[in-house]
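Work through the exercises below with the sequence and the model in view. Try each task before reading its solution.

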Amino acid sequence: MQDNTKITEMETEGGELDAARAVRADFAARSLVGDKAPGYYIQTLGCQQNEADSERLAGLAELMGYRRVCDPNDARLILVNTCAIREHAEARALSFIGEYKHVREEHPDTVIGVGGCMVTQRHRADKLKMSYPYVNFTFDTGALHKLPFLVKQAIEKGSRRFVISDEYDIVEGLPVSRTSKHSAWLPIMYGCNNFCSYCIVPYVRGRERSRREEDILNEAELLIADGAREITLLGQNVNSYGNGAEDSSNIAELMRKICALDGDFRLRFMTSHPKDASDELLRAVAEEEKIVKHFHLPVQSGSDDVLRRMNRKYTSGHYLGIVEKLRALCPDISLTTDIIVGFPGETEEDFEATLELLRRVRYDMIFSFIYSPRKGTPAAEMEGAVPAEVSKERFARLTTLQDEISRERNERFIGRKVRLLAGEVSKNDSNMLTGRGDMARPVHFAGDASLVGSFVNVKITSCGAYNLEGELI
């Protein structure tokens, strides 16, 4: 195997889909089609944006002539789409990559590629090059569309490529192979300009780039025609949609235009930044019937001092003002958030301010994390590291309080008749389904598998802090 030891910026090759068709033609010439076609397997880690990226990787793999398989041992193309948001995510990715060594040993023709946020960091690409010789290539978040070229090079030349992009472009027209018929991801923008001091995203996904409104609306129409009943708009900060695009509106205008499309569907969006949560957006969420009445608004901390060191660009008072406006417009809105515990320099007073914010806002659900330093971010160099035992104790107090609030918030639904999208059959009981509606938590109810992908009416009968139960009407 040829080893290109230099990690370089990806040169412009062009004709990526032509490369995919060339691989497919080679498979056909060797009668590797249909059930005999080589399998592909994608391991996806991280956020919803990574899941959306993996659907495009799957589309490219299928264009090349591969078929989806559920077991990496059956795959001749293995892709790991990595996350870099926390150290634990990178450790998991490296663990998965290590497990695939035996696949290469048993099947030397297997092509293994690693993509996503982790390999956008040069030190991680270096580690893969030096310590994982069975990895054929990496492709960072700016080189998703280069997959066919990289696979073709690996098959024909046995070469190893480690890609660090110098530009992050928006490439339209990539094929998509969705994992769900009824739920769909719809990326509307990429990258981030916020540079929160703890976050690696701006360094691994580049600056904000918004897709053209026309392209988004066209894709939304195709998704609806293909059976999507729930569409989730994606971006590192969807609230700033429109930045840097010649043909785009703002997030509120875009959502209203999508809601105006024909079809019976619901619209979700994530993730929002409070500094860009405009009054126009709040009104759109409240007024548009097709928009799910659930708003995820990450706060991270209730302490103004911590928020300043996080470079979040808002105060707790400003945040609470947004919540008050939103609840005035839509009193029954389901609110969720992200919170980081143990940020460098966090005092007991700072943490108590976060607990007080929870008591005031009364979130339906929170996603809470103990701070994890990320190499290359300003927070990683900050003084005042919070001892692990202190962070764990605070984390336990935070979750105990939120469990009480979540149970109370869930209780308001008991006795209500709600409209849900039946999403999937329970893994533990084939007679039970899970549905999603305006509430933050999914609802579990008895029903036939034939209902999956359709809207149903359910009466909520009971709840806990983490679940809602109902019966089909």
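**Exercise 1. Find the order of the strands in the open sheet formed by three strands, and state the sense of the pairing.**

Solution. Step one: read the order, which is β7-β10-β11. The pairing is parallel. Two strands count as paired if DSSP finds at least two bridges between them. Helices (H or I, at least four residues) and strands (E, at least two) are DSSP runs, numbered from the N terminus.

Step two: find the edges. β7 and β11 (266-270) each pair on one side only. The twist averages 25° from one strand to the next.

Step three: count bridges. β10 and β11 pair in the parallel sense over five of them. Leu-234 has Met-270 in β11 as its bridge partner.

The model is predicted: local features need pLDDT of at least 70, side-chain atom pairs count only at pLDDT 80 or more, and totals for chains, interfaces and linings use all residues. Residues are numbered from 1 along each chain as its sequence is written, and side-chain values use heavy atoms, with hydrogens and water left out.

**Exercise 2. Determine which strands α2 and α8 touch as they pack on the sheet.**

Solution. Contact means heavy atoms within 4.5 Å. Axes are lines fitted to C-alpha atoms, for helices over the stretch in contact; angles run from 0 to 180 degrees between N-to-C directions.

Step one: α2 touches β7, β10 and β11, and its direction makes about 100° with that of β7. Step two: α8 touches β7 and β10, and its direction makes about 170° with that of β7.

**Exercise 3. Check the span of helix α8 (residues 213-225), then say which of its residues are buried.**

Solution. Step one: the expected span is 1.5 Å times one less than the number of residues. For the 13 residues of α8, that gives 18 Å. The end C-alpha atoms are 18 Å apart, so the two agree.

Step two: apply the accessibility classes. Buried means under 20% relative accessible area, exposed over 50%, partly exposed in between (1.4 Å probe, protein chains only). Glu-213, Asp-215, Ile-216, Leu-217, Glu-219, Ala-220, Leu-223 and Ile-224 are buried.

Step three: look for the cover. It includes α2 (48-63), β7 (183-187), β10 (230-234) and α9 (251-259). Just after α8, Gly-227 takes a positive phi of about 105°.

**Exercise 4. Describe the surroundings of Met-270.**

Solution. Step one: Met-270 lies in strand β11. At 21% relative accessibility, Met-270 counts as partly exposed.

Step two: list contacts, not counting residues up to four places away in sequence. Met-270 touches Gln-48, Thr-232, Leu-233, Leu-234, Gly-235 and Val-238. Met-270 and Leu-233 are 37 residues apart in sequence, yet 6.3 Å apart in space, C-alpha to C-alpha.

**Exercise 5. Locate the salt-bridge partners of Arg-178 and Glu-230.**

Solution. A salt bridge is a side-chain nitrogen of Lys or Arg within 4 Å of a carboxyl oxygen of Asp or Glu. The whole structure holds 39 of them.

Step one: Arg-178 pairs with Asp-226, with the closest N and O atoms 2.9 Å apart. Arg-178 sits in the loop between β6 (161-162) and β7, and Asp-226 in the loop between α8 and β10, 48 residues apart. Arg-178 is buried at 17% relative accessibility. Asp-226 is partly exposed at 35%.

Step two: Glu-230 pairs with Arg-436, with the closest N and O atoms 3.0 Å apart. Glu-230 is in β10 and Arg-436 in β16 (residues 432-436), so the pair ties together parts 206 residues apart in sequence. Glu-230 is buried at 5%, while Arg-436 is partly exposed at 40%.
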